[in-house]
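Okay, thanks everyone for coming. I'd like to walk you through one chain today, so let me put it up on the screen.

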Amino acid sequence: IDATTSDPLSGVVVTLSPGNQSTLTTDDGSFEFRDLESYQYTITAQKSGYQANRKNITAVSGETTNVYLQLTKIPVE
């Protein structure tokens, strides 16, 4: 979501590491990685005009983990 407006952001590149899987967020800002092994991952979100953000999460095999990331717009000089 946009850190200022709390609006969902579509087209954000979300990368999962390790595994180097990537996906894009949908119109409602959601994304999904399926069939992950139980492990600690780093999720990085990047979109043009915004500062990248990352978060460490622990996935449990067979369970859904919700992750919320806020992106802050890069100030225009």
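So, starting at the N terminus, the elements of this protein chain go β-β-β-β. That's four strands and zero helices. And just so we're all on the same page, what you're looking at is a predicted model. On overall size, the radius of gyration comes out at 13 Å, close to the 11 Å the globule rule gives for 77 residues, so the chain is as compact as a globular protein of that length. If you take the principal axes, the C-alpha atoms fill a box of roughly 45 × 20 × 15 Å.

A few more totals before we get into the strands. How much of the chain is buried? Buried residues are 25% of the 77. The chain exposes about 5,500 Å², with carbon and sulfur atoms supplying 44% of that. Of the contacts with a separation of 6 or more, 32% are between residues 24 or more positions apart. And for charges, we have 5 positive and 9 negative, with their mean positions 5 Å apart.

Right, on to the pairing. Strand β1 covers residues 13-17 and strand β2 covers residues 21-24, and these two pair antiparallel over four bridges. If you want a landmark there, look for L16, which stands opposite Q21 in β2. The hairpin of β1 and β2 has three residues between the strands, and G19 in that hairpin takes a positive phi near 115 degrees.

Stay with that loop for a second. Which peptide bond is cis here? The one joining S17 and P18, with omega at about 0 degrees. P18 itself lies in the loop between β1 and β2.

Now, β1 has another partner. Five bridges join β1 to strand β3, residues 39-46, and these run antiparallel. S17 turns up again here, with T42 as its bridge partner in β3. And L16 has I43 as its bridge partner in β3. So L16 gives you a handy spot to look at on the screen: Q21 stands opposite in β2, and I43 is the bridge partner in β3.

Moving along, β3 also pairs with strand β4, residues 53-59, again in the antiparallel sense, over seven bridges. One place to find that on the screen is A45, which stands opposite N53 in β4. This hairpin has six residues between β3 and β4, and G49 in the turn has a positive phi of about 90 degrees.

While we're on backbone angles, a bit of background: most residues other than glycine have a negative phi, and most peptide bonds are trans. With that in mind, there are a couple of non-glycine residues I'd like to point out. S6 is not a glycine, but has a positive phi of about 65 degrees. You'll find S6 in the segment before β1, and S6 is partly exposed, at a relative accessible area of 47%. Then there's D35, also not a glycine, with a positive phi of about 55 degrees. D35 sits in the loop between β2 and β3. Buried or exposed, then, for D35? Exposed, with a relative accessible area of 78%.

Last thing: L36, which is also in the loop between β2 and β3. What does L36 touch, once you leave aside neighbours within four places in sequence? The list is L16, Q21, Y41, A59 and S61. L16 and Q21 are that β1–β2 pair from earlier, so have a look at how L36 meets them. There's also a distance to mention here: the C-alpha atoms of L36 and E63 are separated by 9.3 Å, and those residues are 27 apart along the chain.

That's my tour. Happy to rotate the view if anyone wants another look.

Methods. Residues numbered from 1 in each chain as written. Predicted model: local features only at pLDDT ≥ 70, side-chain atom pairs only at ≥ 80, totals over all residues. Heavy atoms only, no water. Rg over C-alpha atoms; globule rule 2.2 N^0.38 Å. Buried < 20%, exposed > 50% of the residue type's maximum accessible area, 1.4 Å probe, protein only. Contact = heavy atoms within 4.5 Å. Areas by Shrake-Rupley, 256 points an atom, 1.4 Å probe, with all protein chains shown as cover. Lys, Arg positive; Asp, Glu negative; His and termini not counted. Charge placed at Lys NZ, Arg CZ, Asp CG, Glu CD. Pairing = 2+ DSSP bridges.
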